[in-house]
Each structure stands twice: as structure tokens, then as C-alpha cells.
Amino acid sequence: MRNTGTVTNTYDNLIAGEVAEPVSVVVAKSQTVARGDLLECVVTEAVDGAAITRTVAAEFGKPSAKAATQNIYVIAADAITTGSGATGVVVAYRAGNFNAASVALGGSSTVADNYETLLAKGIVLKAVQSK
């Protein structure tokens, strides 16, 4: 069940409680990432008989749709713009409590579309009041 309690945001309208220590992630080419953007690392699976092969992308990018259960997600802690010929590195949170209104999700997806999948990965989206 979704946490419907309201907390008071005391930071910068992104963080709404404890967060995991930030990590550095590689951002794909031709990306404009803002602080608070959801970033996705695509994981593909192939089944051949009894064998399952998982391939993890080397880079993160902004998702185009709602979160998929097999993929890896982080929340950008900084902004970055990468050119068409180069990747970049950005600091990101892999888990924690975030203001749902300040997180940019994939495509036209909503908090309700993404809540369960992100919660299972340690990313909690909360309704927040600004001080």
C-alpha cells in the first residue's frame, strides 16, 4: 500500500528523508539531465532453453516510459548535459526518500505508474510540503 502520509521537506524540494550515499554513474550520449531526474540503466534478458542471459547497459539515460522491473534506477543529484559524441558522469542517489513532485519520471508516466517498481528498488516517492 502506498504511503499517503505527508512529510515536511527541509532540504531543496528533492530529498524527503534519508537517502543512500550518492554514487557516480555514466550518462549516455545526447542527454540533458537535471537534478531530480530519474535515470535508467536497461537490463535485457534472453532465454535459451533453461539458460537465462542478462545484459546490463553500460550507461544510464532518461527513461521514455514507466519504470520496468528488470532495469536499474537512480535519481540524479546533479545536472549534466552530454554531447552527441561523448558520455559523462553524474552523481546520483540509488535509494532514499524523495519528493514525488520534484522527481522527473519517464515520458508521460505518473507517480502512480512508477511507485511500486521504484519502491521495490529502494526509491520512495513521497508527497511533501515545502516549508
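Two strands count as paired if DSSP finds at least two bridges between them. The pairings described in these legends are those of a predicted model.

**Figure 1. The hairpin of strand 6 and strand 7 has two residues between its strands.** Strand 6 (residues 43-48) and strand 7 (residues 51-56) run antiparallel and are joined by six bridges. One of the residues to locate in this view is threonine 44, whose bridge partner in strand 7 is threonine 55. At the turn of the hairpin, glycine 49 takes a positive phi near 70 degrees.

**Figure 2. The protein chain comprises one helix and twelve strands.** In order from the N terminus, its elements are β-β-β-β-β-β-β-β-β-β-β-α-β. The radius of gyration of the protein chain is 15 Å, close to the 14 Å given by the globule rule for 131 residues, so the chain is as compact as a globular protein of that length. Taken along the principal axes, the box filled by the C-alpha atoms is roughly 50 × 35 × 30 Å. Of the 131 residues, 40% are buried. Among contacts between residues at least 6 apart in sequence, 75% join residues at least 24 apart.

**Figure 3. An open sheet is formed by four strands in the order 3-10-8-5.** The pairing in this sheet is antiparallel. Strand 3 and strand 5 (38-41) stand at the edges; each has a single partner strand, so one side of each is left without a neighbour in the sheet. From one strand to the next, the twist averages 55 degrees. Strand 8 and strand 10 (residues 88-93) run antiparallel and are joined by two bridges. Isoleucine 75 has tyrosine 93, in strand 10, as its bridge partner.

**Figure 4. The largest nonpolar core contains 17 residues.** Phe98, Val103, Leu118 and Leu125 touch the most other members of this core. Strand 8 (72-76), helix 1 (111-120) and strand 12 (123-130) each supply at least two of its residues. Helix 1 gives the largest share, three residues. Another core, of eleven residues, lies apart from this one and includes Cys41, Phe60, Val74 and Val90. Within the largest core, the surroundings of valine 103 may be examined separately: leaving aside neighbours within four places in sequence, valine 103 is in contact with Leu14, Gly36, Leu38, Ile75, Phe98 and Leu125.

**Figure 5. Helix 1 has Val111, Asn114, Tyr115, Thr117 and Leu118 among its residues, and these five are buried.** An α-helix has 3.6 residues a turn, so residues three or four places apart point the same way. After helix 1 comes glycine 122, whose phi is positive, near 90 degrees.

**Figure 6. The count of aromatic pairs comes to one.** The rings of tyrosine 93 and phenylalanine 98 have centres 5.8 Å apart and planes at 50 degrees, so the pair is tilted. The term follows from the cut-offs, since planes under 30 degrees apart count as stacked, those over 60 as edge-to-face and the rest as tilted. Tyrosine 93 counts as buried at 8% relative accessibility. Phenylalanine 98 is also buried, with a relative accessible area of 0%.

**Figure 7. Cysteine 41 is placed in strand 5.** This residue is buried, with a relative accessible area of 3%. Not counting residues up to four places away in sequence, cysteine 41 touches Val56, Ala57, Glu59, Phe60, Asn71 and Ile72. Cysteine 41 and asparagine 71 are 30 residues apart along the chain, and their C-alpha atoms are separated by 5.8 Å.

**Figure 8. Serine 30 and glutamine 31 are found in the loop between strand 3 and strand 4.** The loop connects strand 3 (23-27) with strand 4 (32-33). Serine 30 has a positive phi of about 55 degrees although it is not a glycine. Most residues other than glycine have a negative phi. Serine 30 counts as partly exposed at 48% relative accessibility, whereas glutamine 31 counts as buried at 15%. The cut-offs behind these terms are under 20% for buried and over 50% for exposed, with partly exposed in between. Outside residues up to four places away in sequence, glutamine 31 touches Gly61, Lys62, Ile80, Thr81 and Thr82.

Conventions: Residues are numbered from 1 along each chain as its sequence is written. This is a predicted model: local features need pLDDT of at least 70, side-chain atom pairs count only at pLDDT 80 or more; totals for chains, interfaces and linings use all residues. Side-chain values use heavy atoms; hydrogens and water are left out. A nonpolar core is a set of buried Ala, Val, Leu, Ile, Met, Phe, Trp, Tyr and Cys residues joined through side-chain atoms within 4.5 Å. Buried means under 20% relative accessible area, exposed over 50%, partly exposed in between (1.4 Å probe, protein chains only). Contact means heavy atoms within 4.5 Å. Axes are lines fitted to C-alpha atoms, for helices over the stretch in contact, and angles run from 0 to 180 degrees between N-to-C directions. Rings of Phe, Tyr and Trp (its six-membered ring) pair if their centres lie within 6.5 Å; planes under 30 degrees apart count as stacked, over 60 as edge-to-face and the rest as tilted. The radius of gyration is taken over C-alpha atoms; the globule rule is 2.2 Å times the number of residues to the power 0.38.
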